[in-house]
Amino acid sequence: MKNSWISRKTSRSSFIKSLIGGAVAAFLIPLIDKLPAKSRFRRFLRPPGALPGDAFLDACIGCAQCVNVCPNKCITLYGLEGGIENLATPKISARAQACILCMACTQVCPTGALEKLEPTKEGMRAVNMGVAVLSEDVCYSYAGRTCGVCYRACPLPGEAMTIGLFEQPMVHPEYCIGCGLCEQSCVHMPQAIRVIPRSEWEDRLARARLS
Amino acid sequence: MKATNVLLPLSIVTRLGVVLLLCFFAMMTEYLNYKTAYNNPRLVELASGKSVRVFYEATDAIFDFLGDPIEVAQSNGGMTWSIRVLGVPFTDPVAAISVFAKGGSWTWGFVLGLAVPVSLALIFGRVFCAYVCPASLAFYTMFRIRHVLEKWFLLPDLKLNRGFAWGVLIGGTGAAIWAGHGVWSLILPYFAVGQTLFHGIAMGTLSISLGSIVFFALLDLFFGPQFTCRYVCPTGRLLGFIGRRSLVSVRRDANRCIDQCNTCAEVCPMNVSPKLDQTVDCSLCGACLTMCPSNCLSVGNRGEK
């Protein structure tokens with residue numbers, strides 16, 4: 001009994017054994033990603049000002065300060081539904097609650113995963129969350145019933161979206177910032193207009209060119 | 001009242017305060033939404049019911065005192081992982097290591113946030129564990145429960161050495177590079193507590209981190225007293241390493257110390273032995289000060305005897 005607390009020195013070999021044991025134990029955590037997942041196909045947007053693609057995941061530590069400050073409560077945190085690489089990172093589900101581009105989240109981000117932007121027209125134009133894609137076969141306006149709700153919701157009307165006859169919306173992908181306000185406001189169920197990540201949109205463009 | 005009797009209650013009070021602060025920050029998210037969307041108690045009641053109106057009006061009264069809610073939210077917020085209190089940023093050293101290893105971007109606020117935790121560790125040692133960490137409150141409860149259970153059951157007391165926590169730090173950083181910084185929310189107990197509170201209060205969902213907390217609590221209950229804090233938590237190991245020659249620590253008056261007594265080492269939650277003048281990892285929780293029968297222990301400058 002007495003020796004157990006007297007001998008507090010650890011030998012080098014047991015230290016290294018424990019070191020390797022700890023490292024292996026920590027490396028077991030990502031294996032929960034290999035468990036069967038419910039769905040990986042649901043798309044989510046990142047908050048405004050997010051660095052593109054993997055650069056965002058490298059910088060974001062998941063401290064939830066952007067979620068905390070969001071007055072619109074549109075930013076939520078990933079659980080495991082987006083895989084282990086997205087765990088605890090912020091997401092926006094535009095159909096549920098779209099970003100109003102108040103840029104509060106970009107002001108508080110500690111690691112610079114969200115670049116600082118101002119809630120002005122210039123700040124809005126610097127946002128790149130995705131591209132809105134319209135399904136003309138679903139849209140009311142293209143079926144002859146004038147609607148135009150998405151145009152009225154757009155923060156950059158006339159630039160990112162214009163309307164033609166019967167208020168038929170037309171998205172201009174080079175100016176669209178992908179805030180998702182059009183997707184949230186769409187009165188059709190399911191929505192006729194939805195925001196997809198810009199990378200996915202470019203893939204679609206390439207496929208369309210091929211066909 | 002002597003310092004010996006104050007430290008242990010103080011550590012419990014400050015940790016409870018941290019938990020309340022985390023809950024308050026999470027509730028502020030809910031309040032901000034109602035404030036910007038309705039800004040009217042009657043509309044809040046119409047939309048979400050009577051109880052939410054009570055919450056809204058009570059928080060309104062708090063913010064009458066604190067100031068504009070948007071401005072308060074801009075300078076206060078976050079979690080145990082990275083938090084801003086009164087505009088001062090605090091960064092977890094493990095977060096800094098993880099971001100540095102993965103090659104993420106930096107901001108000045110993030111680097112400056114390291115100043116307070118690191119200098120606290122240099123001066124007081126591992127005080128984060130006893131006075132800030134919300135998870136250690138749960139683990140301390142498990143420690144006391146274990147004490148009661150040991151009257152009737154024979155519980156194992158597994159011993160590891162310091163290498164394991166270093167290994168978790170290295171392996172966790174590797175896992176963060178491989179799979180994303182989110183793995184820390186399952187490895188670090190205090191991050192898991194922050195996640196769970198935030199998910200539960202601000203978003204109304206159950207977080208996967210809850211599973212990690214339950215796992216660590218069971219580990220503490222059945223494998224050894226304060227097992228997680230002693231052998232698993234990489235932050236505690238890192239802070240213990242930074243503060244291994246801290247200015248302030250527990251001192252022993254060798255003349256008054258009783259030779260046969262080993263009470264201080266037995267009650268210590270951090271596996272420190274003031275009896276042998278080994279105070280690396282001491283979190284200044286004050287458990288040994290209250291239990292010492294000869295009152296030979298005190299907290300003070302390490303050099304003086």
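# Asking how we know: a two-chain model

Colleague: Let's start with L114(B): which residues does it touch, not counting those up to four places away in sequence?
Modeller: L114(B) touches T91(B), P93(B) and A96(B). To count as a contact, two C-beta atoms must lie within 7 Å. Please keep in mind that this is a predicted model.

Colleague: Where does L114(B) lie, and is it buried, exposed or something in between?
Modeller: L114(B) sits in the loop between α6 (108-112) and α7 (115-124) of chain B. There are 16 other C-beta atoms within 10 Å of L114(B). Buried needs 20 or more, and exposed needs 12 or fewer, so L114(B) is called partly exposed.

Colleague: How far apart are L114(B) and R230(B), in sequence and in space?
Modeller: They are 116 residues apart in sequence, and 23 Å apart from C-alpha to C-alpha.

Colleague: Now for strands. What makes β1(B) and β2(B) a pair?
Modeller: A pair needs at least two bridges. Three bridges join β1(B) to β2(B), so they qualify, and they run antiparallel. For example, G77(B) stands opposite R84(B) in β2(B). The two strands form a hairpin with two residues between them.

Colleague: And how do you know that β2(B) pairs with β3(B)?
Modeller: Here four bridges join β2 (residues 82-85) of chain B to β3(B), so the cut-off of at least two is met. In β3(B), R84(B) has P89(B) as its bridge partner, and S82(B) has T91(B). This is a hairpin with two residues between the strands, and L86(B) in the turn has a positive phi of about 50°.

Colleague: What kind of sheet do the three strands make, and why do β1(B) and β3(B) count as edges?
Modeller: They form an open sheet in the order β1-β2-β3 (chain B), with antiparallel pairing. β1 (77-79) and β3 (88-91) of chain B each have a single partner strand, so one side of each has no neighbour in the sheet. From one strand to the next, the twist averages 25°.

Colleague: Over to helices. How do you know that the span of α3 (residues 50-66) of chain B agrees with what is expected?
Modeller: At 1.5 Å a residue, its 17 residues should span 24 Å, and the end C-alpha atoms are 24 Å apart, so the two values agree. Just after α3(B), G67(B) takes a positive phi of about 120°.

Colleague: What about the span of α9 (residues 198-210) of chain A, and is this helix mostly buried or in the open?
Modeller: α9(A) has 13 residues and reaches 19 Å from its first C-alpha to its last, close to the 18 Å expected. The number of its residues that are buried is zero, so α9(A) lies largely in the open.

Colleague: What makes the side chains of β6 (residues 193-196) of chain A alternate?
Modeller: I193(A) and V195(A) point to one face and are buried, while R194(A) and I196(A) point to the other face and are not. Four bridges join β3 (residues 131-134) of chain A to β6(A), and the strands run antiparallel. One of the bridge partners in β6(A) is I193(A), which is matched with L134(A).

Colleague: Why is S185(A) called partly exposed?
Modeller: S185(A) has 17 C-beta neighbours inside 10 Å. That count falls between 12 and 20, so partly exposed is the right term. S185(A) belongs to α8 (residues 181-185) of chain A, and touches V149(A), C150(A) and A153(A), leaving aside residues up to four places away in sequence.

Colleague: How many residues does each chain bring to the contact?
Modeller: Chain A brings 51 residues and chain B brings 62 residues. α2(A) gives the most to the side of chain A that touches chain B, with 13 residues. By class, that side divides into 30 nonpolar, 16 polar and five charged residues.

Colleague: Lastly, which domains does chain A have, and how many of their residues are in contact?
Modeller: The domain assignment gives domain 1 (38-126) and domain 2 (130-211). Their centres, taken over C-alpha atoms, are separated by 21 Å. Twelve residues of domain 1 of chain A are in contact with 15 residues of domain 2 of chain A.

Definitions and conventions. Residues numbered from 1 in each chain as written. Chains lettered and ligands numbered in written order. Predicted model: local features only at pLDDT ≥ 70, side-chain atom pairs only at ≥ 80, totals over all residues. Axes fitted to C-alpha atoms, helices over the stretch in contact; angles between N-to-C directions. Expected span 1.5 Å × (residues − 1). Nonpolar A, V, L, I, M, F, W, Y, C, P; charged D, E, K, R; others polar. Domains from an automatic or database assignment.
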